[in-house]
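Please load the model below in your viewer and keep the selection tool at hand. We will go from one stop to the next, picking residues and looking at what surrounds them.

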Amino acid sequence: MKIFIEKNYELLSSKAVLRFKKILESKKVKNIAFPTGNTPKLFYRKLVELYKKGKIDFSKISGFLIDEYYPMKKDSKDSFNYYISNNFFALVNLKEKYSLNGSNLDFISECRSYKELIEKKGGLDMAILGIGENGHIGFNEPGSELNSRVRLVELKNTTLDLNRAKYEAGPIPRYALTMGIYEIFRAKRIMLLASGKSKSERVWDFLNGPISRDLPVSVLRLHPDIEVIIDKEAAVLIEDKIMNLIN
Ligand code: F6R
């Protein structure tokens, strides 16, 4: 595991871009899973800026959106499809873009198709992830099976309360479609991002707590190729002890 602690959100985002660019240039990645949320916003903006300057190329990359509310129209401003399209997918030259469709009433076949698509493409080479304040990854909430696959999940009240602030129209959906912990963990490499004090306890738990279904992010500690990029606020509880944890 590599851990980078950056001074602030701006530098965290720059570091993530730098690392990501290097990984892209290694040509070892094709299929990459991308998250939504507040954390990667500046990361995406910086990637788009680099792309516009001709300094980064996504033409060999297939992008996979990690999750989506359910039910949800693709073009709704609250959809994760809208977010990823407007912050990243539609602004760069990705070879292919895939996402879960929250408006498919047959969610079972929607999930099966996404699972099979990921398999057919040879699995994920990389997953970029944020951490939920309750320790979720994607929308794999506490209690998720560690071998869970792409599926419909019921969101926890903690997630709904936090996400309501980012949600514009009507009541926030109680359900979501998400890649499972299995698909995420099988990615050949992981980049985990966390910013701000509100993430500090989960970052601490991730590094020190038991590996358990109650904290889905904890399973990533077992991943053979994970880099964690956080800012000082998110690292506030671990900074003193970090040297002992890096292996
Ligand atoms: C979103 C996703 C979530 C977020 C997590 C952190 O697509 O998969 O797991 O990464 O909820 O969200 P922010 O970055 O808004 O704190």
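Which residue in β8 is the bridge partner of Y70? Select Y70 and look across to β8: the partner there is Y175. Before going further, please keep in mind that this is a predicted model.

**Stop 1: the three-stranded sheet**

Stay with these strands and colour them. The order is β4-β8-β7 in an open sheet of three strands, and the pairing is antiparallel. Its edge strands are β4 (67–70) and β7 (151–154), each of which pairs on one side only. Averaged over this sheet and with direction ignored, neighbouring strands are turned by 30° against each other.

Now select residues 175–178, which make up β8. Towards β4, the two strands run antiparallel and are joined by four bridges. Towards β7, the pairing is again antiparallel, over four bridges. Two pairs are worth labelling here: R151 has T178 in β8 as its bridge partner, and V153 stands opposite A176 in β8.

**Stop 2: the seven-stranded sheet**

Next, select the strands of the other open sheet, in the order β1-β10-β9-β6-β2-β3-β5; these seven strands pair in parallel. At the edges you will find β1 and β5 (96–98); each has a single partner strand, so one side of each is left without a neighbour in the sheet. Neighbouring strands here are turned by 15° against each other on average, direction ignored.

Zoom in on β9 and β10, which run parallel and are joined by five bridges. In this pair, I190 stands opposite I226 in β10.

Then bring up helix α4 (residues 107–120), which lies across β3 (62–65) and β5. The helix runs at about 150° to β3.

**Stop 3: I226**

Centre the view on I226, in strand β10. Is I226 buried or exposed? Its relative accessibility is 2%, so I226 counts as buried. Show its contacts beyond the neighbours within four places in sequence: M1, K2, I190, L192, F206 and L220. For a link across the chain, draw a distance from the C-alpha atom of I226 to that of A127: the two are 99 residues apart along the chain, and the separation is 9.5 Å.

**Stop 4: helix α1**

Select residues 9–25, which form α1. Why does the length of α1 fit a helix rise of 1.5 Å a residue? Its 17 residues should span 24 Å at that rise, and the end C-alpha atoms are 24 Å apart, which agrees.

At the N-terminal end, show the side chain of N8, which caps the helix: a side-chain oxygen of N8 lies 3.2 Å from the backbone nitrogen of E10. After the helix comes K27, with a positive phi near 60°.

For the side that faces the protein, select L12, S13, A16, V17, R19, F20, I23 and L24, the buried residues of α1. They pack against β1 (2–6), β2, α2, β6, β9 (189–194) and β10 (226–231).

**Stop 5: helix α2**

Move on to α2, residues 41–52. This helix has twelve residues and reaches 17 Å from its first C-alpha to its last, close to the 16 Å expected at 1.5 Å a residue. Its buried residues are L42, F43, Y44, K46, L47, V48 and L50. Show what covers them; this includes α1, β2 (31–34), α3 (80–87) and β6 (126–130). Just after α2, check G54, whose phi is positive at about 75°.

**Stop 6: the ligand**

Finally, select the ligand and the 14 residues around it; T39, D67, H136, G138 and K199 come nearest. Three distances are good ones to display:

- T36: a polar side-chain atom lies 2.8 Å from an oxygen atom of the ligand.
- N38: a polar backbone atom is 2.8 Å from an oxygen atom of the ligand.
- T39: an N or O atom in the side chain is 2.4 Å from an oxygen atom of the ligand.

End the tour on T39, in the loop between β2 and α2. With a relative accessible area of 11%, T39 is buried. Neighbours within four places in sequence aside, T39 is in contact with Y9, L193, A194, S195 and K199.

Methods:
Residues are numbered from 1 along each chain as its sequence is written. This is a predicted model: local features need pLDDT of at least 70, side-chain atom pairs count only at pLDDT 80 or more; totals for chains, interfaces and linings use all residues. Side-chain values use heavy atoms; hydrogens and water are left out. The expected span of a helix is 1.5 Å times one less than its number of residues. Buried means under 20% relative accessible area, exposed over 50%, partly exposed in between (1.4 Å probe, protein chains only). Contact means heavy atoms within 4.5 Å. Two strands pair if DSSP finds at least two bridges between them. Axes are lines fitted to C-alpha atoms, for helices over the stretch in contact, and angles run from 0 to 180 degrees between N-to-C directions. A residue is near a molecule or strand if one of its heavy atoms lies within 4 Å of it. A polar contact is a pair of N or O atoms within 3.5 Å; within protein, one must be able to donate a hydrogen and the other to accept it, and residues adjacent in sequence count only if both atoms are side-chain atoms.
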